[in-house]
Amino acid sequence: MLNEISQYLAARKEQYALRVVIKCIEEYKLEVDFPPENLKKQLEQLEKVKTEKKKPVVVPANKRTRASNSNGGPMPPAKAGSMPSFFI
């Protein structure tokens, strides 16, 4: 699974880089010297692969429960009147 995530992130970085390069070529009117067609094709292929391999990524839950809580519910609220004796 970690390998799939790293491949996904690498593909996203490559897509971003291709978009930036294409934008720069168009912005600075460099199409004659650097035709962006091949870059656009490569970007389309990466996006196509992304949609074909689209799988849900499992993210661990952020909510933690106490180990002693056997029913699996959320942590019980703190007791209002209990303060350690060293604060008194």
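**Two helices and the pairs between them**

Biologist: Which residue forms a salt bridge with Glu-47, and how far apart are the closest N and O atoms?

Modeller: Arg-19 does, and the closest N and O atoms of the pair are 2.5 Å apart. Arg-19 lies in helix H1 and Glu-47 in helix H2, so this salt bridge ties together parts that are 28 residues apart in sequence. Keep in mind that this is a predicted model.

Biologist: Is Glu-47 buried, partly exposed or exposed?

Modeller: Glu-47 is partly exposed, because its relative accessibility is 29% and the partly exposed range runs from 20% to 50%. Arg-19 falls in that class as well, at 40%.

Biologist: How many salt bridges does the structure hold?

Modeller: Two. The other pairs Glu-26 with Lys-40, with 3.3 Å between the closest N and O atoms. Here Glu-26 is in H1 and Lys-40 in H2, so the pair ties together parts 14 residues apart in sequence.

Biologist: How accessible are Glu-26 and Lys-40?

Modeller: Glu-26 has 35% relative accessibility and counts as partly exposed. Lys-40 is partly exposed too, with a relative accessible area of 36%.

Biologist: Why would such side chains pair at all?

Modeller: Side chains of opposite charge can do so when their charged atoms come close.

Biologist: Back to Arg-19. What else is it in contact with, leaving aside neighbours within four places in sequence?

Modeller: With those neighbours set aside, Arg-19 is in contact with Leu-43 as well as Glu-47. As for Lys-40, its C-alpha atom is 8.3 Å from that of Arg-19, and the two residues are 21 apart along the chain.

Biologist: What about Arg-12, where does it sit?

Modeller: Arg-12 is in helix H1, which covers residues 2-27. Its relative accessibility is 42%, so Arg-12 counts as partly exposed. Between the C-alpha atoms of Arg-12 and Glu-47 there are 9.0 Å, with 35 residues separating the two along the chain.

Biologist: Which residues of H1 are buried?

Modeller: Gln-15, Leu-18, Ile-22 and Ile-25. Helix H2, residues 37-52, is part of what covers them.

Biologist: Any general reason for that kind of spacing?

Modeller: An α-helix has 3.6 residues a turn, so residues three or four places apart point the same way.

Biologist: There's a glutamine in that list. How buried is Gln-15?

Modeller: Its relative accessibility is 2%, so Gln-15 is well under the 20% cut-off and counts as buried. Apart from neighbours within four places in sequence, Gln-15 is in contact with Leu-43, Leu-46, Glu-47 and Lys-50.

Biologist: What span should H1 have, going by its residue count?

Modeller: At 1.5 Å a residue, the 26 residues of H1 should span 38 Å. The end C-alpha atoms are 37 Å apart, which agrees.

Biologist: New topic. Which residue just after H1 takes a positive phi?

Modeller: Lys-29, with a phi of about 55°. Lys-29 has this positive phi although it is not a glycine.

Biologist: Why bring up glycine?

Modeller: Because most residues other than glycine have a negative phi.

Biologist: Where is Lys-29, and is it buried or exposed?

Modeller: Lys-29 is in the loop between H1 and H2. It is exposed, because its relative accessible area is 66% and the exposed class starts over 50%.

Biologist: Now the whole chain. How many helices and strands are there?

Modeller: Two helices and zero strands.

Biologist: And what share of the residues counts as buried?

Modeller: Of the 88 residues in the chain, 10% are buried. The area the chain exposes is about 8,400 Å², and carbon and sulfur atoms supply 59% of that.

Biologist: What share of the contacts joins residues at least 24 apart?

Modeller: If you take contacts between residues at least 6 apart in sequence, 43% of them join residues at least 24 apart.

Conventions
Residues are numbered from 1 along each chain as its sequence is written. This is a predicted model: local features need pLDDT of at least 70, side-chain atom pairs count only at pLDDT 80 or more; totals for chains, interfaces and linings use all residues. Side-chain values use heavy atoms; hydrogens and water are left out. Helices (H or I, at least four residues) and strands (E, at least two) are DSSP runs, numbered from the N terminus. Buried means under 20% relative accessible area, exposed over 50%, partly exposed in between (1.4 Å probe, protein chains only). The expected span of a helix is 1.5 Å times one less than its number of residues. Contact means heavy atoms within 4.5 Å. A salt bridge is a side-chain nitrogen of Lys or Arg within 4 Å of a carboxyl oxygen of Asp or Glu. Accessible areas come from the Shrake-Rupley method with a 1.4 Å probe; for residues, only the protein chains shown count as cover.
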